[in-house]
Amino acid sequence: MKVLITGGAGFIGSHIADGLIEKGHKVRIFDILHPQVHGEKRRIPDYLNPKAEFILGDVCDYNALKKAVAGMDAIYHEAAAVGVGQSMYQVREYTETNVLGTANLLHILANEKHRVRKLIVASSMSIYGEGKYECQRCGIIHPALRREKDLQARRWEMRCPVCRRNAKPVPTDEEKPLRPTSVYAVTKRDQEELCLSVGIAYKIPTVALRYFNVYGPRQALSNPYTGVCAIFSSRILNGKPPVIWEDGEQKRDFVHVRDIAQANLLALEKQEADYQVFNVGTGEGVSIGTVAKKIAERLGMPFKAEYPRKFRAGDIRHCFADISKIKRMLGYSPSVFFDKGVDILIEWAQEQKCEDKMEQAMKELRSKGLAS
Ligand SMILES: NC(=O)c1ccc[n+]([C@@H]2O[C@H](COP(=O)([O-])OP(=O)(O)OC[C@H]3O[C@@H](n4cnc5c(N)ncnc54)[C@H](O)[C@@H]3O)[C@@H](O)[C@H]2O)c1
Ligand SMILES: [Zn+2]
């Protein structure tokens, strides 16, 4: 197949490209080489597969994107602005790239001649907002964000909105109602819903993959707005303690980029995937404190995390994936769990030059009143 990957020069897209090329597909990448990800010089990254065709372009540029879509059999739509905190003040930029960019793509599929017969869109666990919980007395609950009052009092755990008991996090499945809590998350939900609705209407088999917290080689280490593993690695490599919000006990599902690539290839190959949404994670929750500790350990640095017991607006407490749907329907099976994945990450990170821009990013959040 001839496959277009928007955002294909990025972390995830480049791994999808490698997987596709290995299977004999022809890959075309369409990417703006955003300076926040690729540096001010906006060079094509060295890691990019030389067998992929590269087109420099913006998903918001209709004509450029139209040319890129021409002749393609399948599209992976990965291009996006990806910082949750940053999206809260770069509201226009995030909405433009993520929503208008997706609208452009769909407008092309609806109005121009093309032969696309599969569209796979990168969605995100962020669209759930808080994960799923169980209250001892009330059963399964889908709570909204924690109350400001509780956070101020450093009561971090989720409480049942009805009886106020502490609730236990359980794996989040695809049926959980969507409650995005950031501009980024709202745009990711829009991307997913726009793609599925247009895909269904025009009978273009469409799949939305809800990635959980992706990590691994090629994640932009100097981008302080995204990817906690990359941020921690770059802090520690620069001799600074990782900054951990709350008490570090909040859990996420860290999925290795190799498994994200696996899920994307399955979504292309399997008809069962058509018009479906799938979680892509490991099914296991790992605490942020554990992540920091393991990264420091592997880098051979003494672990000295800063726990300022502060918090960020819109942060959720726990969310990790229920992956039974993608296992059952597509035969997906996570191959890299955190202990091994962190080794692969560190081996790569140690060879990289990375600037730590975290202080600046935190200053921005504080100046907007988005962090305590
Ligand atoms: N990394 C994660 O943990 C994670 C989790 C959930 C979802 N996602 C989604 O996966 C996708 C890929 O994310 P990533 O982690 O590889 O990020 P990334 O920043 O490494 O890659 C995104 C790529 O998109 C390009 N891009 C940005 N704006 C563009 C535009 N206007 N036109 C064309 N290209 C543009 C960037 O230059 C970059 O190469 C995104 O849609 C993101 O929302 C990522
Ligand atoms: Zn209750």
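Let's start with isoleucine 326. Buried or exposed? Isoleucine 326 has 0% relative accessibility, so it counts as buried. Keep in mind that this is a predicted model. Isoleucine 326 sits in helix α11, residues 324–330. Which residues does it touch, if we skip those up to four places away in sequence? There are Ala263, Phe278, Asn279 and Val280. Gly331 and Tyr332 complete the list. Now compare positions along the chain. Isoleucine 326 and alanine 9 are 317 residues apart in sequence. In space, their C-alpha atoms are 26 Å apart.

One of those contacts, Ala263, takes us to the next helix. Ala263 is among the buried residues of α9. This helix covers residues 257–269. It has 13 residues, and ten of them are buried. So how far does α9 reach? From first C-alpha to last, α9 reaches 19 Å. At 1.5 Å a residue, 18 Å is expected, and the two values are close. The buried residues of α9 include Val257, Asp259, Ile260 and Ala261. They also include Asn264, Leu265, Leu266, Ala267 and Leu268.

Next, the cores. A general point helps here. In soluble globular proteins, nonpolar side chains tend to be buried together. In this model, the largest nonpolar core has 43 residues. Helix α9 gives the largest share of this core, seven residues. Which residues have the most contacts inside the core? They are Leu20, Tyr76, Leu209 and Tyr211. Apart from this core lies another, of 23 residues. Among them are Leu221, Phe232, Leu299 and Val336.

Let's look at tyrosine 211 itself. Again I leave aside neighbours within four places in sequence. Tyrosine 211 is in contact with Ile12, Ile16 and Glu78. It also contacts the run Ala122, Ser123, Ser124 and Met125. Ile260, Asn264 and Val280 are on its list too. Ile260 and Asn264 are both buried residues of α9.

Valine 214 also reaches that helix. Its place is in strand β10, residues 213–215. Its relative accessible area is 12%, so valine 214 is buried. Beyond its close sequence neighbours, within four places, it contacts Phe11, Ile12, Gln219, Val255, Val257 and Ile260. Here is a pair to find on the screen: valine 214 and histidine 256. They are 42 residues apart in sequence, yet their C-alpha atoms are 5.7 Å apart.

Now helix α5, residues 91–111. Why does its end-to-end distance make sense? At 1.5 Å a residue, 21 residues should span 30 Å. The end C-alpha atoms are 28 Å apart, which agrees. Buried residues of α5 include Tyr94, Asn98, Val99 and Gly101. Leu105, Leu106, Ile108 and Leu109 are buried as well. What covers them? The cover includes helices α3, α4 and α7, plus strands β4 and β5.

Two backbone oddities now. Most residues other than glycine have a negative phi. Arginine 164 has a positive one, near 65°. It lies in the loop between α6 and β8. At 28% relative accessibility, arginine 164 counts as partly exposed. Glutamate 246 also has a positive phi, near 55°. Its loop runs between α8 and β11. At 1% relative accessibility, glutamate 246 counts as buried.

Now the empty spaces. How many cavities of 30 Å³ or more does the structure hold? One. The largest cavity has a volume of about 30 Å³. Leu221, Ser222, Asn223 and Pro224 are among the residues lining it. So are Glu355, Asp356, Lys357 and Met358. By class, the lining has four nonpolar, three polar and three charged residues. Leu221 also belongs to the core of 23 residues.

The second largest pocket has a volume of about 160 Å³. Its lining has 14 residues. Nearest its centre lie Glu148, Leu151, Phe311, Arg312 and Ala313. Six of the lining residues are nonpolar, three are polar and five are charged.

Last stop: alanine 371, in the segment after α13. At 13% relative accessibility, alanine 371 counts as buried. Leaving aside neighbours within four places, it contacts Trp245, Phe311, Arg312, Leu365 and Arg366. Phe311 and Arg312 are familiar from the pocket lining. Finally, take alanine 371 and arginine 115. They are 256 residues apart along the chain, with 47 Å between their C-alpha atoms.

How values were computed. Residues numbered from 1 in each chain as written. Chains lettered and ligands numbered in written order. Predicted model: local features only at pLDDT ≥ 70, side-chain atom pairs only at ≥ 80, totals over all residues. Heavy atoms only, no water. Helix = DSSP H or I, 4+ residues; strand = E, 2+ residues; numbered from the N terminus. Expected span 1.5 Å × (residues − 1). Buried < 20%, exposed > 50% of the residue type's maximum accessible area, 1.4 Å probe, protein only. Contact = heavy atoms within 4.5 Å. Core = buried A, V, L, I, M, F, W, Y, C linked by side-chain atoms within 4.5 Å. 1 Å grid on protein atoms, 1.4 Å probe; cavity = no way out; pocket = protein on both sides within 12 Å on 5 of 7 lines; lining within 4 Å. Points joined across faces, edges and corners; volume = space filled by probe spheres on them. Nonpolar A, V, L, I, M, F, W, Y, C, P; charged D, E, K, R; others polar.
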